[in-house]
Every structure is written in structure tokens, then in C-alpha cells.
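Subject: Structure for your review

Dear colleague,

Please find below the structure that I would like to hand over to you. I should be grateful if you would read the notes beneath it alongside the coordinates.

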Amino acid sequence: MSQEAEAIGIGDQKWMWWAGASSAQLAAGVVWCRRGYSGSGGSMPLKAFAAASLFVSALGSAATASFFASGFQSVEDVKDAGERFRRWMGALPKDTTAR
């Protein structure tokens with residue numbers, strides 16, 4: 001656990017904050033879509049883009065929450081897990097040399 005995480009009190013449960021952010025963004029997007037369109041026609045593209053951005057950011061926050069909830073702390077952890085999985089399957093080692 002990093003010193004920054006300890007300082008702000010989130011510790012190893014930081015995935016819950018990401019899950020909360022995802023839920024809030026998804027709820028805001030649903031509310032905005034259900035409210036419907038009102039106002040001038042010129043602002044409709046901006047409102048549609050803002051609602052779509054809420055759904056995309058909710059997906060990103062949910063992906064980050066699942067990453068932290070699974071116990072991975074860095075991309076290197078994911079790479080190591082992938083290598084172990086390939087060995088378990090009996091697949092040939094992945095060639096990582098530049099071509």
C-alpha cells in the first residue's frame with residue numbers, strides 16, 4: 001500500500017471508490033437520458049455528447065474498479081498473470097522482440 005493511500009485513508013479498498021464513481025456516473029447518465037430533450041435545437045448535440053461521455057466514463061471507472069478489486073497493483077502484475085496462464089495452458093512463450 002502506498003503512503004499516499006494511507007495518508008488519505010483509502011488503503012487497499014480503493015476499488016470501492018472507483019466502483020462508487022462508476023455508479024454515480026451511470027446514474028447521472030440514466031437520469032439525463034430519461035429526462036429527455038428540452039430547449040433549443042442548437043444545444044442538442046452538446047447534451048447528447050455529455051450523456052454519452054457519462055456512460056463511457058462509467059465504463060472506464062468500472063474497469064478500473066475491477067482491476068483494483070482483483071488484487072492487481074500494476075500492469076506488470078497483469079503481465080505476470082498472463083505468462084503464468086500461458087504456461088498452465090501449455091502454450092508457447094509469447095515472442096516479445098521487436099520486428
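The notes below set out what was found, beginning with the chain as a whole and moving on to individual residues.

Please bear in mind throughout that this is a predicted model.

Overall architecture

The protein chain contains four helices and zero strands, and its pattern along the sequence reads α-α-α-α. Of its 99 residues, 11% are buried. The accessible surface of the protein chain is about 7,700 Å², and carbon and sulfur atoms account for 64% of that area. As to how the chain meets itself, 55% of the contacts between residues at least 6 apart in sequence join residues at least 24 apart.

Annotated spans

An unreviewed UniProt entry carries the annotation "transmembrane region" for residues 15-34 and 46-69. In the model, residues 15-34 are 100% helix and 0% strand, with 28 Å between the end C-alpha atoms. Residues 46-69 are likewise 100% helix and 0% strand, and the end C-alpha atoms of this span are 34 Å apart. The annotation itself comes from the record, whereas the helix content and end distances are computed from the model.

Serine 22 and serine 61

Two serines deserve to be described together. Serine 22 belongs to helix H2, which runs over residues 14-35, while serine 61 belongs to helix H3, which covers residues 44-69. Are these two residues buried or exposed? Serine 22 has a relative accessibility of 11% and therefore counts as buried, the cut-off being under 20%. Serine 61 has a relative accessible area of 7%, so serine 61 is buried by that cut-off as well.

Setting aside neighbours within four places in sequence, serine 22 is in contact with Ala58, Ser61 and Ala62. On the same basis, serine 61 touches Trp18, Ala21, Ser22 and Gln25. The two serines thus appear in each other's contact lists. In addition, the side chain of serine 22 reaches the backbone oxygen of alanine 58, at a distance of 2.9 Å.

Helix H4

Two side-chain pairs were found in helix H4, and I describe them in turn.

A search of the whole structure returned one aromatic pair. It is formed by phenylalanine 85 and tryptophan 88, whose ring centres are 5.7 Å apart and whose planes meet at 25°; the pair is stacked because planes under 30 degrees apart count as such. Both residues lie in helix H4 (residues 75-89), three residues apart, which is about one turn of the helix. Phenylalanine 85 is partly exposed at 47% relative accessibility, whereas tryptophan 88 is exposed, with a relative accessible area of 68%.

Side chains of opposite charge can pair when their charged atoms come close. The count of salt bridges comes to one. This salt bridge joins lysine 79 to glutamate 76, with the closest N and O atoms 3.7 Å apart. Lysine 79 and glutamate 76 also both lie in helix H4, three residues apart, or about one turn of the helix. Each is partly exposed: lysine 79 has a relative accessible area of 48%, and glutamate 76 has one of 46%.

Yours sincerely

Technical notes:
Residues numbered from 1 in each chain as written. Predicted model: local features only at pLDDT ≥ 70, side-chain atom pairs only at ≥ 80, totals over all residues. Heavy atoms only, no water. Buried < 20%, exposed > 50% of the residue type's maximum accessible area, 1.4 Å probe, protein only. Polar contact = N/O pair within 3.5 Å; in protein donor to acceptor, adjacent residues only side chain to side chain. Contact = heavy atoms within 4.5 Å. UniProt positions renumbered as here; feature names shortened; annotations may be inferred. Phe/Tyr/Trp six-rings, centres within 6.5 Å; stacked < 30°, edge-to-face > 60°. Salt bridge = Lys/Arg side-chain N within 4 Å of Asp/Glu carboxyl O. Areas by Shrake-Rupley, 256 points an atom, 1.4 Å probe, with all protein chains shown as cover.
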